[in-house]
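Here are my notes on the model, set out as numbered points. Please read them with the coordinates open.

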Amino acid sequence: MFAHRHLLGIEGLSREDIESILDLAETYVTLNRQTDKRADALNGLTQINMFFEASTRTQASFELAGKRLGAAVMNMSMAQSSVKKGETLIDTAMTLNAMHPDLLVVRHSSSGAVNLLASKVNCAVLNAGDGRHEHPTQALLDALTIRRRKGRLSRLTVAICGDIAHSRVARSNMILLGRMENRVRLIGPPTLIPPGADRMGVEIFDDMAKGLEGADVVMMLRLQKERMDGALIPSMREYYHRFGLDAEKLAAAKPDAIVMHPGPMNRGVEIDGLLADDINVSVIQEQVEMGVAVRMAAMDLLARNLRARNEPGGAAR
């Protein structure tokens with residue numbers, strides 16, 4: 001039983017919660033590979049996607065997930081919204097709440113903004129990424145990809161490499177992988193490792209060869225230049241030389257190691273293009289596929305709780 005009203009982060013999920021989402025997502029992987037991909041879990045419900053930050057993969061994935069489950073899906077163009085005209089986030093939330101949506105998918109550049117919205121609306125809210133805080137469905141789709149490729153989601157050595165400091169994906173993955181009893185390593189220049197990371201139960205390296213030694217999973221991250229204040233790396237060329245993943249550096253990992261990337265990729269900056277396209281080691285395209293299934297599962301579970309609250313005798317909506 002997934003007893004949560006919203007999906008705001010991995011931090012609030014138990015191991016059982018994570019497994020519930022992944023197990024249901026497996027059924028949607030099967031559905032999505034069929035000719036008829038329709039399901040009825042969200043029939044009669046309205047889903048609104050609010051992306052205050054640009055996103056191709058995540059927004060398309062949520063939209064496709066909602067439509068395959070039967071929801072009426074609306075994408076709000078926040079670039080032309082009233083927020084740009086001075087309306088506060090709370091005013092926007094109250095306006096939307098008056099329209100009685102059922103599922104609200106939100107991406108925002110400020111950490112905590114999604115939690116604030118969730119506290120002001122009656123519908124279920126899904127965090128599609130907020131600032132440097134969390135990106136829960138990305139961590140869940142990564143987990144599903146790892147579990148399918150490795151046959152398990154525990155007792156693995158996972159190396160997360162690159163711009164850790166600005167990555168909500170890294171934070172959500174650290175929490176999830178730690179909760180599932182994995183060994184997590186962070187690899188990057190000291191300027192891109194967040195203060196206090198060592199208190200999250202991870203190992204920290206500034207040398208790729210040492211950090212990748214014996215790794216089962218290598219997760220590369222994009223350099224988030226738009227979030228950087230000042231020069232945190234000498235140059236792109238130097239960064240790729242030291243921290244960009246290529247076949248030579250990957251050789252330090254286990255022979256059957258898999259390579260991941262949440263996208264979008266900067267080829268020749270954080271990863272070699274040939275390696276990214278090598279289907280023998282790269283699971284990047286599989287991550288995209290798992291993203292739709294995981295988001296279908298998350299919205300399905302939240303919709304079940306939403307309907308239960310609205311039944312006679314259920315909790316007030």
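The points below cover basis, helix packing, single helices and some loop residues.

1. Basis. This is a predicted model, in which local features need pLDDT of at least 70 and side-chain atom pairs count only at pLDDT 80 or more, while totals for chains, interfaces and linings use all residues. Residues are numbered from 1 along each chain as its sequence is written, and side-chain values use heavy atoms, without hydrogens or water.

2. α1 against α11. Helices here are DSSP runs (H or I, at least four residues), strands are E runs of at least two, and both are numbered from the N terminus. Helix α1 (residues 15–32) and helix α11 (residues 284–310) have axes that come within 8 Å and cross at roughly 120°. That makes the pair oblique. The label follows from the cut-offs: under 35 degrees is roughly parallel, over 145 roughly antiparallel, 65 to 115 roughly perpendicular, and the rest oblique. Axes are lines fitted to C-alpha atoms, for helices over the stretch in contact, with angles from 0 to 180 degrees between N-to-C directions. The crossing of α1 with α11 is right-handed (the near helix is turned clockwise from the far one by less than a right angle; anticlockwise would be left-handed).

3. Residues at that contact. Contact means heavy atoms within 4.5 Å. From α1 come S20, I21, L24, A25, Y28, V29, L31 and N32; they meet E289, M290, V292, A293, V294, M296, A297, D300, L301 and R304 of α11. By class, the contact of α1 with α11 has 13 nonpolar, 2 polar and 3 charged residues. Nonpolar covers Ala, Val, Leu, Ile, Met, Phe, Trp, Tyr, Cys and Pro; charged covers Asp, Glu, Lys and Arg; the others, Gly among them, are polar.

4. α1 against α5. The axes of α1 and α5 are 10 Å apart, at an angle of about 70°. α1 is therefore roughly perpendicular to α5. On the α1 side the contact uses I18, I21, L22, D23, A25, E26 and V29; on the α5 side it uses L140, A143, L144, R147 and R148. That contact has 8 nonpolar and 4 charged residues, and no polar ones.

5. α6. What span should the 12 residues of helix α6 (residues 168–179) have at 1.5 Å a residue? The expected value is 16 Å, and the end C-alpha atoms are 17 Å apart, which agrees. The rule multiplies 1.5 Å by one less than the number of residues. α6 is mostly covered, with 9 of its 12 residues buried (under 20% relative accessible area; exposed is over 50%, partly exposed in between; 1.4 Å probe, protein chains only). The buried ones include R168, N173 and M174.

6. α2. Helix α2 (residues 57–68) also has 12 residues; the expected 16 Å agrees with end C-alpha atoms 16 Å apart. Its buried residues include Q59, F62 and R68. Just after α2, G70 has a positive phi of about 95°.

7. Backbone points to check. H100 is not a glycine, yet its phi is positive, about 55°. H100 sits in the loop between α3 (89–97) and β3 (103–108), and is exposed at 57% relative accessibility. R155, also not a glycine, has a positive phi of about 60°. R155 is in the loop between α5 (136–150) and β5 (157–161), exposed at 63%. A cis peptide bond joins G263 and P264, with omega about -10°.

8. S111. This residue is in the loop between β3 and α4 (113–118). S111 is partly exposed, at 47%. G131 is 20 residues away from S111 in sequence, but 4.2 Å away C-alpha to C-alpha.
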